[in-house]
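Subject: A structure for you to look at

Dear colleague,

I am handing over a structure that I would like you to open and turn around on your screen before you read any further. My notes on what was found follow below it, arranged by topic so that you can check each one against the picture.

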Amino acid sequence: MKSSAKPLPPVLLDTNVLSRLAEIGRLDLILQVFPGRCFISPAIYDEITAGVNNGITYLQAIEEIVAQGGVQVVDLNQADLEFVTTVPRKLARGEAEGIAICRRLDMVFVTHDRKAANFSEHVGISCLHFRSLIEALRRRNLLSEQEADEALA
């Protein structure tokens, strides 16, 4: 019998999502929930490597997951670069690139930044708020109450 469940779309993860999960030691959940469908922009990767270079050791787990191919970096094309110039300056470069890539590739943008989420939705890009993701993981018993609280702290 065929399943009528719609497959989950690919997601583009903002730095804040990856870093919060890495900090609590639960980055594995991203690969479990979105296997083979996790992406980041070049600027998001640059933010992570800059953090590692500045001594934020828990971010090394993100570099490792990228090196292993669990999370892939998506290059921008010319249309993405042009779209980035239209994004409000209050958003970081990683968020702007992420939103541009999501727009082109019909991905869901996963972020913990309210302004980035609002802008994504304003331009018609599906957005998964980090709080909603954490609450769903907690409801499915993939995160304990304590881990959920730590992720959202």
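**An aromatic pair inside the protein**

Phe83 and Phe119 are both buried. Please keep in mind throughout that this is a predicted model, and that every value in this email was computed from it. When the whole structure is searched for aromatic pairs, one is found. It is formed by Phe83 and Phe119, whose ring centres are 6.5 Å apart and whose planes meet at 40°, so the pair is described as tilted. These two residues also connect distant parts of the chain, since Phe83 belongs to helix H5 (residues 78-84) and Phe119 to helix H7 (residues 114-122), with their positions 36 residues apart in sequence.

**The nonpolar core**

Which residues touch the most other members of the largest nonpolar core? That core has 51 residues, and the two in question are Leu13 and Ile134. Helix H6 supplies the largest share of the core, with five residues. If you select Leu13 and leave aside its neighbours within four places in sequence, you should find it in contact with Leu18, Ile30, Cys38, Phe39, Ile40, Ile44 and Val110.

**A largely enclosed helix**

Helix H1 covers residues 15-23, and eight of its nine residues are buried, so this helix is largely enclosed by the rest of the structure. The buried residues in H1 are Thr15, Asn16, Val17, Leu18, Ser19, Arg20, Leu21 and Ala22, and you may notice that Leu18 is also one of the contacts of Leu13 listed above. After H1 comes Gly25, which has a positive phi near 75°.

**Two pairs of packed helices**

Two packed helices are described by the angle between their axes and the distance between those axes. For helix H3 (residues 42-53) and helix H6 (residues 93-105), the axes come within 7 Å and cross at roughly 150°. An angle over 145 degrees counts as roughly antiparallel, and H3 and H6 are therefore roughly antiparallel to each other. On the H3 side the contact is made by Pro42, Ala43, Ile44 and Glu47, while H6 contributes Arg93, Gly94, Glu97 and Ile101. Sorted by class, the residues where H3 meets H6 are four nonpolar, one polar and three charged.

The second pair is made of helix H8 (130-139) and helix H9 (145-152). The axes of H8 and H9 come within 10 Å and cross at roughly 170°, which makes H8 roughly antiparallel to H9. Here Phe130, Arg131, Ile134 and Arg138 of H8 meet Glu145, Ala148, Ala151 and Leu152 of H9, and Ile134 is the residue that was named above for its contacts within the core. By class, the contact of H8 with H9 has five nonpolar, no polar and three charged residues.

**Positive phi angles in two loops**

Most residues other than glycine have a negative phi, and it is with this in mind that two further residues are worth finding. Asp106 is not a glycine, yet it has a positive phi of about 55°. You will find Asp106 in the loop between H6 and strand S4 (108-111), where it is exposed, with a relative accessible area of 64%. Asn141, which is not a glycine either, has a positive phi of about 60°. Asn141 lies in the loop between H8 and H9, and with a relative accessible area of 67% it is exposed as well.

**Exposed residues and some distances to check**

Arg140 also has its place in the loop between H8 and H9, and at 56% relative accessibility it counts as exposed. In sequence, Arg140 and Gly25 are 115 residues apart, and from C-alpha to C-alpha they are 18 Å apart in space.

Gln146, in helix H9, counts as exposed at 55% relative accessibility. Its C-alpha atom is separated from that of Ile24 by 10.0 Å, although the two residues are 122 residues apart along the chain.

Finally, Thr86 is found in the loop between H5 and H6, and it is exposed, with a relative accessible area of 51%. Between the C-alpha atoms of Thr86 and Ala100, which are 14 residues apart along the chain, the separation is 9.8 Å.

With best wishes

Note on methods. Residues are numbered from 1 along each chain as its sequence is written. This is a predicted model: local features need pLDDT of at least 70, side-chain atom pairs count only at pLDDT 80 or more; totals for chains, interfaces and linings use all residues. Side-chain values use heavy atoms; hydrogens and water are left out. Axes are lines fitted to C-alpha atoms, for helices over the stretch in contact, and angles run from 0 to 180 degrees between N-to-C directions. Helices (H or I, at least four residues) and strands (E, at least two) are DSSP runs, numbered from the N terminus. Angles under 35 degrees count as roughly parallel, over 145 as roughly antiparallel, 65 to 115 as roughly perpendicular and the rest as oblique. Contact means heavy atoms within 4.5 Å. Ala, Val, Leu, Ile, Met, Phe, Trp, Tyr, Cys and Pro count as nonpolar, Asp, Glu, Lys and Arg as charged, and the others, Gly among them, as polar. Rings of Phe, Tyr and Trp (its six-membered ring) pair if their centres lie within 6.5 Å; planes under 30 degrees apart count as stacked, over 60 as edge-to-face and the rest as tilted. Buried means under 20% relative accessible area, exposed over 50%, partly exposed in between (1.4 Å probe, protein chains only). A nonpolar core is a set of buried Ala, Val, Leu, Ile, Met, Phe, Trp, Tyr and Cys residues joined through side-chain atoms within 4.5 Å.
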